[in-house]
Amino acid sequence: MSVKLIALDMDGTLLNSKSELSEGNKKALEKAMQAGILVVPATGRVYSTLPEAVKNLPGVKYVLSSNGAAVYQVGQQKPIYTNFMTAEKAIKIHRAIEDVHCIKEFYINGYGYFEKKLLDCIDTFDILPAFRKFYGIKKLAVDNIEEFIQQNDGVEKINLPWITAALRTELLKRLSTVEGLALTSSLGENIEINNEGANKGDGLKGLCQKIGLDMSEVMACGDGCNDLEMIAEAGYGIAMANGDEQVKQKAKFVTLSNDEDGVAYAIKKFCCF
């Protein structure tokens, strides 16, 4: 079957090392969309932080966010497919790790939230300056995260970024006390917590069922461990040259790196133009 949908991870895949959409990748996406192929960002990011350069591409109709826990139709407020964790489970996670000195982000209703007290100690974390400014601008502060969780219908994902190896060990030990979780990482410095069964592969299948496509008609490109399921299940699973070795082993093809327009190379190879 020919490719009818291209699912693309963002960081380390579609975006280069400067977090930019290159002109080469942009032109390849535009050509694919002109040929009638759906282009779907498939990211661990929360919907509101999707790069504007990607969101504003005229042919982007759907976004798979929060590792597949929420699939949005662009311009709509509510997701068309969800696999959320319950408020009860999210609060249990928070209480298990509450006293660990790390950033805790809660993805809810397409936005990232954190407790306001984090801002008082933000400088104690080893965060790149470009990301530090996100807190309070791209991600939103609330007084009490547990109260806020209880006021909403479910949590898409919990992200624990910028952690050390020692903290990772401690956090994983504590998270093991909570049942029904899916743990992954898009970088070596974070832990991403989703509901059991929520992943990019699951979200992609949910979207395909909604719009009447078969997974054999999907090309999925990624570089990190949170891309494993969608690469394994897509008809055309593509790993980046800069990707994790586990991802390369699951892929049907390894393209060029994200700094060499690897997405454009894969599109030209498998979409016949």
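Helix 1 and helix 10 cross in a left-handed way. A crossing is left-handed if the near helix is turned anticlockwise from the far one by less than a right angle, and right-handed if clockwise. This is a predicted model, where local features need pLDDT of at least 70, side-chain atom pairs count only at pLDDT 80 or more, and totals for chains, interfaces and linings use all residues. Residues are numbered from 1 along each chain as its sequence is written, and side-chain values use heavy atoms, with hydrogens and water left out.

**Stop 1: helix 1 and helix 10**

Select residues 23–34 for helix 1 and residues 262–270 for helix 10. Helices (H or I, at least four residues) and strands (E, at least two) are DSSP runs, numbered from the N terminus. The two axes come within 8 Å and cross at roughly 30°. Axes are lines fitted to C-alpha atoms, for helices over the stretch in contact, and angles run from 0 to 180 degrees between N-to-C directions. Helix 1 and helix 10 are therefore roughly parallel. Angles under 35 degrees count as roughly parallel, over 145 as roughly antiparallel, 65 to 115 as roughly perpendicular and the rest as oblique.

Now show the side chains where they meet. Helix 1 brings Gly 24, Asn 25, Ala 28, Leu 29 and Ala 32, and helix 10 brings Gly 262, Val 263, Ala 264 and Ile 267. Contact means heavy atoms within 4.5 Å.

**Stop 2: Ile 37**

Follow helix 1 into the loop before strand 2 (38–41), and select Ile 37 there. Is Ile 37 buried or exposed? Ile 37 is buried, with a relative accessible area of 7%. Buried means under 20% relative accessible area, exposed over 50%, and partly exposed in between (1.4 Å probe, protein chains only). Next, draw a distance from Ile 37 to Lys 210. Their C-alpha atoms are separated by 16 Å, and the two residues are 173 apart along the chain.

**Stop 3: helix 3 and helix 6**

Select residues 87–97 and residues 165–175. These are helix 3 and helix 6, which pack at an angle of about 135° with axes 9 Å apart. That angle makes helix 3 oblique to helix 6. The crossing here is right-handed. Which residues make the contact? Ile 93, Ala 96 and Ile 97 do so from helix 3, and Leu 171, Arg 174 and Leu 175 from helix 6.

**Stop 4: Asn 67**

Select Asn 67, in the loop between strand 3 (62–65) and strand 4 (70–73). Asn 67 is buried, at 2% relative accessible area. Show its side chain together with that of Glu 192. The two side chains make a polar contact at 2.6 Å. A polar contact is a pair of N or O atoms within 3.5 Å; within protein, one must be able to donate a hydrogen and the other to accept it, and residues adjacent in sequence count only if both atoms are side-chain atoms. Leaving aside neighbours within four places in sequence, Asn 67 also has contacts that include Thr 43, Lys 157, Lys 200 and Asn 226.

**Stop 5: Asp 227**

Move to the loop between strand 12 (218–222) and helix 8 (228–233), where Asp 227 sits. Asp 227 counts as buried, at 0% relative accessibility. What does its side chain reach at 2.9 Å? The side chain of Asp 227 reaches the backbone nitrogen of Asp 223. Beyond its neighbours within four places in sequence, Asp 227 is in contact with Asp 9, Lys 200 and Gly 222.

**Stop 6: two positive phi values**

Most residues other than glycine have a negative phi. Select Asn 109, whose phi is near 55°, a positive value. Asn 109 lies in the loop between strand 6 (105–108) and strand 7 (111–115), and is partly exposed at 40% relative accessible area. Then select Trp 162, whose phi is near 60°, again a positive value. Trp 162 lies in the loop between strand 9 (157–160) and helix 6.

**Stop 7: Phe 134**

Select Phe 134, in the loop between helix 4 (129–132) and strand 8 (139–142). Phe 134 is partly exposed, at 21% relative accessible area. Its C-alpha is 10.0 Å from that of Gly 112, and the two are 22 residues apart in sequence.

**Stop 8: the cysteines**

How many disulfides does the whole structure hold? A search finds zero. A disulfide is a pair of cysteine sulfur atoms within 2.5 Å. Cys 121 is in no disulfide, and its nearest cysteine sulfur, that of Cys 102, is 10 Å away. Cys 121 is partly exposed, at 23% relative accessible area. Finish on Cys 208, also in no disulfide, with the nearest cysteine sulfur, that of Cys 221, 14 Å away. Cys 208 counts as buried, at 1% relative accessibility.
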